[in-house]
Amino acid sequence: MSLFGKADYWYFEKAIPKKQCNEIIKFGKKLEKEQAVVDNNKIDYEMRNSHTGWFNDPWVYKMILPFIHGANKSADWGFDFDWCEDVQFTEYKGKDKQHYNWHVDANPAPYDENSRENWKGKIRKLSCCINLSNPKDYEGGMFYVAVDGKTGIKKEVQRVREMSEQGSIIVFPSQIYHKVTPITKGTRYSLVCWTIGPKFK
């Protein structure tokens, strides 16, 4: 039993068709991308090295949200959320050994009054990651989670092997530690989405 429900994460293997994944990659490559940052918009290559662009098209949410709602119900998390942040398109290049070290997606505090109208006073509840790439197109880039069921703090490390397949989706509480190991060859593309909602009671 997980601290959060029946499981620490919930996955859907090969949920997005390959053709659709390839179309998203093609579209994502045209996005204006920037060096990924960490807290306070700082660049920290040791912690995180990738390039990101952003989607906020309705079709993206229509594709992703059914899986998030399904995982929230199936895993018995019961998280209350009513909005999503922009969807992140991430590019990890093997020539630069790009990666994302251990981290959590949860905000240390709710979004403040300077945030977008639908974000104010809310916190991240669930994270959703989609592997868009064919595993034959890259090496490395393995997805790991780590959690202690009693405290939620990083402890027991688990490789999510199902995320290696193209079109696979993982959904998990945003407080859970996770990482993407360095890409050693080729390029790996992914989508990341976060739901937000009122503070926990």
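**How the labels are earned**

User: What makes Lys122 and Asp82 a salt bridge?

Analyst: Their closest N and O atoms come 2.9 Å apart. The rule asks for a side-chain nitrogen of Lys or Arg within 4 Å of a carboxyl oxygen of Asp or Glu, so at 2.9 Å the pair makes the cut. It also links distant parts of the chain, 40 residues apart: Lys122 is in the loop between strand 7 and strand 8, and Asp82 in the loop between helix 2 and strand 5 (83-84). Helices (H or I, at least four residues) and strands (E, at least two) are DSSP runs, numbered from the N terminus.

One thing before we go on: this is a predicted model, where local features need pLDDT of at least 70, side-chain atom pairs count only at pLDDT 80 or more, and totals for chains, interfaces and linings use all residues. Residues are numbered from 1 along each chain as its sequence is written, and side-chain values use heavy atoms, with hydrogens and water left out.

User: How do you know whether Lys122 is buried or exposed?

Analyst: Check the relative accessible area: under 20% is buried, over 50% is exposed, and in between is partly exposed (1.4 Å probe, protein chains only). Lys122 comes out at 14%, so it's buried. Its partner Asp82 has 46%, so that one is partly exposed.

User: How many salt bridges are there in the whole structure?

Analyst: The search turns up six. One of them joins the side chains of Asp86 and Arg116, at 2.9 Å from N to O. Those two sit 30 residues apart, with Asp86 in the loop between strand 5 and strand 6 and Arg116 in the loop between strand 7 and strand 8. Asp86 is buried at 13%, while Arg116 is partly exposed at 43%. Another salt bridge brings together Lys95 and Asp96, 3.3 Å from N to O. Here Lys95 is exposed, at 67%, and Asp96 is partly exposed, at 36%.

User: What makes an aromatic pair, and how many are there?

Analyst: Rings of Phe, Tyr and Trp (its six-membered ring) pair if their centres lie within 6.5 Å; planes under 30 degrees apart are stacked, over 60 edge-to-face, and the rest tilted. That rule gives 10 pairs. Among them are Phe27 and Trp59, with centres 6.4 Å apart and planes at 55 degrees, so the pair is tilted. Phe27 lies in helix 1 (residues 18-29) and Trp59 in helix 2 (residues 58-74), so the pair ties together parts 32 residues apart in sequence. Phe27 is partly exposed at 35%, and Trp59 is partly exposed at 35% too.

User: Why is the Phe55 and Phe89 pair called what it is?

Analyst: The ring centres of Phe55 and Phe89 are 6.1 Å apart and the planes meet at 85 degrees, so the pair is edge-to-face. With Phe55 in strand 4 and Phe89 in strand 6, the pair ties together parts 34 residues apart in sequence. Both Phe55 and Phe89 are buried. Ring pairs also link Phe27, Phe55, Trp59, Phe89 and Tyr189 into a cluster.

User: What makes the charged end of Lys125 count as sitting over the ring of Phe200?

Analyst: NZ of Lys or CZ of Arg has to be within 6 Å of the ring centre and within 35 degrees of the ring normal. The charged end of Lys125 is 4.7 Å from the centre of the Phe200 ring. Lys179 sits over the ring of Tyr144 in the same sense, 5.6 Å from its centre.

User: Which is exposed or partly exposed, Asn41 or Lys97?

Analyst: Asn41 is exposed at 66%, and Lys97 is partly exposed at 43%. Asn41 is in the loop between strand 2 and strand 3 (48-49), and its phi is near 55 degrees, a positive value in a residue other than glycine. Lys97 is in the loop between strand 6 and strand 7, with a positive phi near 50 degrees.
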